[in-house]
Amino acid sequence: MSLRDAGPPIALVVIIGIFAVLSSDFRTVGNVQNIMDAAAVLAVATCGISFVLMMGSIDLSVPGVMGASAIAVALLVANNRNGNDLGLLGVLVAILLGAALGCLSGVALVGLKVPSFMTTLGVSAVGLGVATLMFAGVQPNISDEMLRGWAVNRFLGLAYLTWIAMACVLVGWLVQRYSRLGRYAYAIGGAEEVLALSGVKVAPYKVAVFTLAGSFYALAGVMVTSQLSAGLVQAGAGYDFRAITAAVVGGTLLTGGRGGVLHSAVGVLLVTVLINGLVQVGVSPYWQGGVQGLIVVAAVSAAVIPQRRRNQVTK
């Protein structure tokens with residue numbers, strides 16, 4: 001393991017140690033459970049965006065996909081708007097909707113050949129538009145006990161949502177480590193031209209990565225609906241920046257070819273612990289956004305400066 005790979009875990013341990021000394025409430029079992037539960041939705045969204053970042057692309061469709069999936073699942077399970085009661089089938093349909101929006105991002109990217117942040121920003125607008133149409137001015141409140149129980153019921157002290165998030169991290173790592181899709185995502189980010197010259201059709205794998213990412217975003221939107229017991233168009237507001245922040249802090253490069261799901265999971269914990277610790281020691285929440293921004297700048301600089309010194313180029 002290189003120093004850059006070991007850096008985020010070491011930083012996580014150091015930050016935990018500092019806040020444990022500064023605040024007695026921080027080191028309680030209840031607060032540890034709160035940290036894990038608070039990280040659940042962000043961890044799932046970050047799993048999806050990690051694959052996109054590994055390719056060297058940027059995905060800004062998270063708010064739109066999460067919003068559309070949140071409204072969709074709220075209208076498909078038992079709710080106050082209609083007579084639907086599809087249960088897990090409704091969750092599956094919402095995830096398929098997110099996968100379809102992710103696929104649209106990938107098709108637009110390889111078809112239009114424009115920067116990924118532009119195509120995904122457009123797809124985010126499409127998702128928000130679909131969510132607004134389904135919302136129709138009346139908030140759907142869910143009464144489905146299964147979905148509401150994800151946020152309320154606990155197993156071994158952790159909410160079901162937290163266990164779902166850990167399962168997503170495991171699945172993401174398995175896909176990254178043992179599937180052709182995961183290996184090619186790395187290769188596309190590292191040297192796409194070389195991969196194409198070796199005879200691999202890159203475009204289908206790009207579309208597949210965005211489709212997989214959309215599925216993760218959709219599940220994150222379903223999890224937000226479980227937490228709020230209602231579907232909101234703005235369920236994914238801000239999660240694009242937060243997910244990119246967590247991934248970059250964990251060691252997944254914006255330029256692609258380095259990092260991955262486990263790196264990003266460490267970044268999720270690091271960001272969540274930092275926010276929780278700042279609250280515990282009495283720092284105003286208005287400063288938290290600025291602190292996250294500074295962390296992103298520092299993390300990106302730490303990753304990019306060694307490469308620039310080797311290559312003697314500035315981008």
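These are my notebook entries on charged pairs, backbone angles and enclosed space in one structure.

**Entry 1. Model**

I worked from a predicted model.

**Entry 2. Salt bridge**

I searched the whole structure for salt bridges and found one. The partners are Arg-154 and Asp-37, whose closest N and O atoms lie 2.8 Å apart. I then looked up where the two residues sit in the chain. Arg-154 belongs to strand 1 (residues 154–155) and Asp-37 to helix 2 (residues 29–38), so that the pair links distant parts of the chain, 117 residues apart. I also compared their exposure. Arg-154 is partly exposed because its relative accessibility is 43%, a value between the limits of 20% and 50%. Asp-37, at 13% relative accessibility, counts as buried because the limit for that class is under 20%.

**Entry 3. Asp-144**

I next asked which side chain of opposite charge is nearest to Asp-144. It is Arg-148, at 8.3 Å. Asp-144 has no salt bridge although it is buried; the separation from Arg-148 is 8.3 Å, whereas a salt bridge requires the nitrogen to be within 4 Å of the carboxyl oxygen. I located Asp-144 in the loop between helix 6 (116–135) and helix 7 (145–152). Setting aside neighbours within four places in sequence, I listed its contacts as Val-77, Ala-78, Asp-85 and Gly-87. Asp-85, one of these contacts, is itself counted as negative.

**Entry 4. Positive phi**

Most residues other than glycine have a negative phi, so I noted the exceptions below. Lys-113 has a positive phi, near 55°. I placed Lys-113 in the loop between helix 5 (88–112) and helix 6. Its relative accessibility of 71% makes Lys-113 exposed. Ala-136 also has a positive phi, near 55°. I found Ala-136 in the loop between helix 6 and helix 7. With a relative accessible area of 53%, Ala-136 is exposed, because the class begins over 50%.

**Entry 5. Second largest pocket**

Rolling a probe the size of a water molecule over the atoms shows where empty space is left. I looked up the second largest pocket, which holds about 200 Å³ of space. It is lined by 13 residues, and those closest to its centre are Met-36, Ala-43, Met-166, Val-169 and Leu-269. Two or more lining residues come from each of helix 3 (40–54), helix 8 (160–178) and helix 12 (261–280). Which element gives the most to this lining? Helix 12 does, with five residues. I sorted the lining of the second largest pocket by class and obtained twelve nonpolar residues, one polar residue and no charged residues.

**Entry 6. Cavity**

I then turned to closed space and counted one cavity of 30 Å³ or more. The largest cavity holds about 30 Å³. I recorded its lining as Ala-43, Thr-46, Cys-47, Ser-50, Val-169, Val-261, Ser-264, Ala-265 and Val-268. Helix 3 and helix 12 are the elements that give two or more residues to this lining. By class, I noted six nonpolar and three polar residues around the largest cavity, and no charged residues. Ala-43 and Val-169 line the largest cavity and are also among the residues closest to the centre of the second largest pocket.

How values were computed: Residues are numbered from 1 along each chain as its sequence is written. This is a predicted model: local features need pLDDT of at least 70, side-chain atom pairs count only at pLDDT 80 or more; totals for chains, interfaces and linings use all residues. Side-chain values use heavy atoms; hydrogens and water are left out. On a 1 Å grid over the protein atoms alone, a cavity is a set of points where a 1.4 Å probe fits but cannot get out, and a pocket is an open set with protein on both sides within 12 Å along at least five of seven lines; lining residues have an atom within 4 Å of a point. Grid points are joined across faces, edges and corners, and a volume is the space filled by probe spheres set on the points. Helices (H or I, at least four residues) and strands (E, at least two) are DSSP runs, numbered from the N terminus. Ala, Val, Leu, Ile, Met, Phe, Trp, Tyr, Cys and Pro count as nonpolar, Asp, Glu, Lys and Arg as charged, and the others, Gly among them, as polar. Buried means under 20% relative accessible area, exposed over 50%, partly exposed in between (1.4 Å probe, protein chains only). Contact means heavy atoms within 4.5 Å.
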